[in-house]
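Please open the model below in your viewer, with the selection panel at hand. The tour moves from one selection to the next and says at each stop what is there.

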Amino acid sequence: MAYTGRCACEAVTLTADGEPVAVRQCWCRRCQTAAAGSPTVNAIFPVDSIAIRGELGWFSYRADSGNELSRGFCPACGTQVIGRSSGNPHFRVIRLGVLDTPHDLAPTAAIWTEEAPAWAAIPPGLDRFPRQPPPPRPAPAG
Ligand SMILES: [Zn+2]
Ligand SMILES: [Zn+2]
């Protein structure tokens, strides 16, 4: 299916075709700063399936893995829209909060749980990874 989304002020809109390869919570400390104390919730799509309208601002940093991670946000309203990693150039993550509802996406895994605060309530049934899990694989050609 096709997903649509927008930032809070609607200056940035996006579409994503097909299904994400994964939907995950990330509890790393960096994500907690982006998400006001909560985890980020990220739908991982192949880069070719995403189209964005409007200008994004970018904030980049070097992760413990050595990869450069970049957050794309709306400069007007501050909404976190997408993310990318130099170690995973075939994919982008869409922040789940920007997707128009209703949709049927929900996280199936929680990552970087070792950095989650003691009060974090991680839904039962999610796969848990104390740190970074293996990267998703690109879909086979054809
Ligand atoms: Zn905006
Ligand atoms: Zn994170």
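## The annotated span

Begin by selecting residues 3-114, which the UniProt annotation "domain: CENP-V/GFA", from an unreviewed entry, covers. Keep in mind throughout that the model is predicted. In residues 3-114 the end C-alpha atoms lie 31 Å apart, and the span is 5% helix and 46% strand.

## First stop: the zinc ion (ligand 1)

Next, select the zinc ion (ligand 1) together with Cys 7, Cys 9, Cys 74 and Cys 77, whose SG atoms coordinate the ion at 2.3 to 2.4 Å. If you then turn on angle display, you will find 107 to 114 degrees among the 4 donor atoms, and the site is tetrahedral. For reference, the ideal angle for four tetrahedral donors is 109.5 degrees.

Along the chain, the donors of the zinc ion (ligand 1) follow the spacing C-x1-C-x64-C-x2-C. The pair Cys 9 and Cys 77 links distant parts of the chain, 68 residues apart: Cys 9 sits in the loop between strand 1 (2-6) and strand 2 (13-17), whereas Cys 77 sits in the loop between strand 7 (68-73) and strand 8 (80-85).

Are these two residues buried or exposed? Cys 9 counts as partly exposed because its relative accessibility is 38%, and Cys 77 is likewise partly exposed, with a relative accessible area of 31%.

## Second stop: the zinc ion (ligand 2)

Now move the selection to the zinc ion (ligand 2), which is coordinated by the SG atoms of Cys 26, Cys 28 and Cys 31 at 2.1 to 2.3 Å. Some caution is needed in reading this site, because water is not among the atoms and sites may therefore look incomplete. The donors of the zinc ion (ligand 2) follow the spacing C-x1-C-x2-C along the chain.

With the accessible surface shown, compare two of these donor residues: Cys 28 is buried, with a relative accessible area of 11%, and Cys 31 is buried as well, at 10%.

## Third stop: the open sheet

Switch to a cartoon view and select the open sheet of 8 strands, which has the order 6-7-8-9-4-3-10-11 and mixed pairing. Its edge strands are strand 6 (57-62) and strand 11 (127-129), each of which pairs on one side only. Neighbouring strands of this sheet are turned by 25 degrees against each other on average, with direction ignored.

## Fourth stop: strand 8 and its neighbours

Within the sheet, centre the view on strand 8. Strand 7 and strand 8 pair in the antiparallel sense over 5 bridges, and their hairpin has 6 residues between the strands, with Gly 78 taking a positive phi near 85 degrees. On the other side of the tour's path, strand 8 and strand 9 (residues 91-95) are also antiparallel, paired over 2 bridges, and a hairpin of 5 residues joins them.

Which residues should be selected around Gly 83? Arg 71 stands opposite Gly 83 of strand 8, while Val 93 is the bridge partner of Gly 83 in strand 9.

## Last stop: Ser 85

Finally, select Ser 85, which is found in strand 8. Ser 85 counts as buried because its relative accessibility, 18%, is under 20%. Add Gly 87 to the selection, and you can trace the contact in which the side chain of Ser 85 reaches the backbone nitrogen of Gly 87 at 3.1 Å.

Note on methods: Residues are numbered from 1 along each chain as its sequence is written. Chains are lettered from A and ligands numbered from 1 in the order in which they are written. This is a predicted model: local features need pLDDT of at least 70, side-chain atom pairs count only at pLDDT 80 or more; totals for chains, interfaces and linings use all residues. Side-chain values use heavy atoms; hydrogens and water are left out. Donors are N, O and S atoms within 2.8 Å of the metal (3.2 Å for Na, K and Ca); water is not among the atoms, so sites may look incomplete. Four donors count as tetrahedral if all angles lie between 85 and 135 degrees; four count as square planar and six as octahedral if opposite donors are over 155 degrees apart and all others between 65 and 115; anything else is irregular. Helices (H or I, at least four residues) and strands (E, at least two) are DSSP runs, numbered from the N terminus. Buried means under 20% relative accessible area, exposed over 50%, partly exposed in between (1.4 Å probe, protein chains only). Two strands pair if DSSP finds at least two bridges between them. Axes are lines fitted to C-alpha atoms, for helices over the stretch in contact, and angles run from 0 to 180 degrees between N-to-C directions. UniProt positions are given in the numbering used here, feature names are shortened, and annotations may be inferred rather than shown by experiment. A polar contact is a pair of N or O atoms within 3.5 Å; within protein, one must be able to donate a hydrogen and the other to accept it, and residues adjacent in sequence count only if both atoms are side-chain atoms.
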